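Visitor: Hi! Could you walk me through this one? I'd like to go over contacts, pockets and the surface.
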Amino acid sequence: RGILPAVERPLSWNQALSRLSGEPALVFYEGGGRPLRELVTPSTRRLSVFVGPEGGFAPEEVQAAQNAGLSSVSLGTRILRCETAPVAALAAVLYAGGNM
């Protein structure tokens, strides 16, 4: 509690992927991936979260993310708008981490 997440300036996809340098990160992708509960636990302290633009990520973008070490996860079968997907992703991460 009382810790504000860092929100950085917009970066290109490749710039964002190169900045991760082995940090834990998730890419929320409608094509699925690993269960969130396997990737976020109460001991998770630092995490980068990526949600796609309107229309979603291209398969090659997801592949590049996975090649960079990100894990893909899904928010379920419903496709969310780019305005609501970040809020849903953060709520899911908080819940999986035992903070809700």
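Guide: Happy to. Let me begin with Glu23, which counts as partly exposed because its relative accessibility is 26%. Please keep in mind that this is a predicted model.

Visitor: Okay, what does Glu23 form a salt bridge with?
Guide: Its partner is Arg46, and the closest N and O atoms of the two are 3.2 Å apart.

Visitor: Where do Glu23 and Arg46 lie?
Guide: Glu23 is in the loop between H1 and strand S1 (25-28), while Arg46 is in the loop between helix H2 (36-39) and S2, so the salt bridge ties together parts that are 23 residues apart in sequence.

Visitor: Does Arg46 count as buried or exposed?
Guide: Arg46 counts as exposed, because its relative accessibility is 56%.

Visitor: How many salt bridges does a search of the whole structure find?
Guide: Three. Besides Glu23 with Arg46, there is Glu38 with Arg34, at 3.3 Å from N to O, and Glu83 with Arg81, at 3.1 Å from N to O.

Visitor: And what about the accessibility of Arg34?
Guide: Arg34 has 42% relative accessibility, so it counts as partly exposed.

Visitor: Let's switch to pockets. How much space lies in the largest pocket?
Guide: About 1600 Å³. Helix H1 (13-19), strand S2 (48-51) and H4 are the elements that each give two or more residues to its lining.

Visitor: Which of those gives the largest share?
Guide: That would be H4, with five residues of the lining.

Visitor: How many residues line the largest pocket, and which lie nearest its centre?
Guide: There are 33 lining residues, and Pro5, Ala6, Leu47, Ser48 and Val49 are the ones nearest the centre.

Visitor: How does that lining divide by class?
Guide: The largest pocket has 20 nonpolar residues in its lining, along with six polar and seven charged ones.

Visitor: Now the second largest pocket, how much space is in there?
Guide: The second largest pocket holds about 280 Å³. It is lined by 19 residues, and those closest to its centre are Phe28, Glu30, Ile79, Leu80 and Ala85.

Visitor: And the classes of residues in the lining of the second largest pocket?
Guide: Its lining divides into 10 nonpolar, five polar and four charged residues.

Visitor: On to the surface. Which residues form a nonpolar patch there?
Guide: Leu94, Tyr95 and Met100 form one, and together they have about 350 Å² of accessible area.

Visitor: Where is the place of Tyr95?
Guide: Tyr95 is in helix H4, which covers residues 85-96.

Visitor: Staying with Leu94, how far apart in space are Leu94 and Arg45?
Guide: Their C-alpha atoms are 11 Å apart, although the two residues are 49 apart in sequence. Arg45 is in the loop between H2 and S2. At 74% relative accessibility, Arg45 counts as exposed.

Visitor: One last residue, Ala65. Is it counted as buried or exposed?
Guide: Ala65 counts as buried, because its relative accessibility is 0% and the cut-off for buried is under 20%. Its place is in helix H3, residues 59-67.

Visitor: And how far apart are Ala65 and Ala25?
Guide: In sequence they are 40 residues apart, and in space 9.3 Å from C-alpha to C-alpha.

Technical notes: Residues numbered from 1 in each chain as written. Predicted model: local features only at pLDDT ≥ 70, side-chain atom pairs only at ≥ 80, totals over all residues. Heavy atoms only, no water. Patch = residues over 30% accessible without salt bridge, like charges linked within 9 Å, V, L, I, M, F, W, Y side chains within 5 Å. Areas by Shrake-Rupley, 256 points an atom, 1.4 Å probe, with all protein chains shown as cover. Salt bridge = Lys/Arg side-chain N within 4 Å of Asp/Glu carboxyl O. Helix = DSSP H or I, 4+ residues; strand = E, 2+ residues; numbered from the N terminus. 1 Å grid on protein atoms, 1.4 Å probe; cavity = no way out; pocket = protein on both sides within 12 Å on 5 of 7 lines; lining within 4 Å. Points joined across faces, edges and corners; volume = space filled by probe spheres on them. Nonpolar A, V, L, I, M, F, W, Y, C, P; charged D, E, K, R; others polar. Buried < 20%, exposed > 50% of the residue type's maximum accessible area, 1.4 Å probe, protein only.
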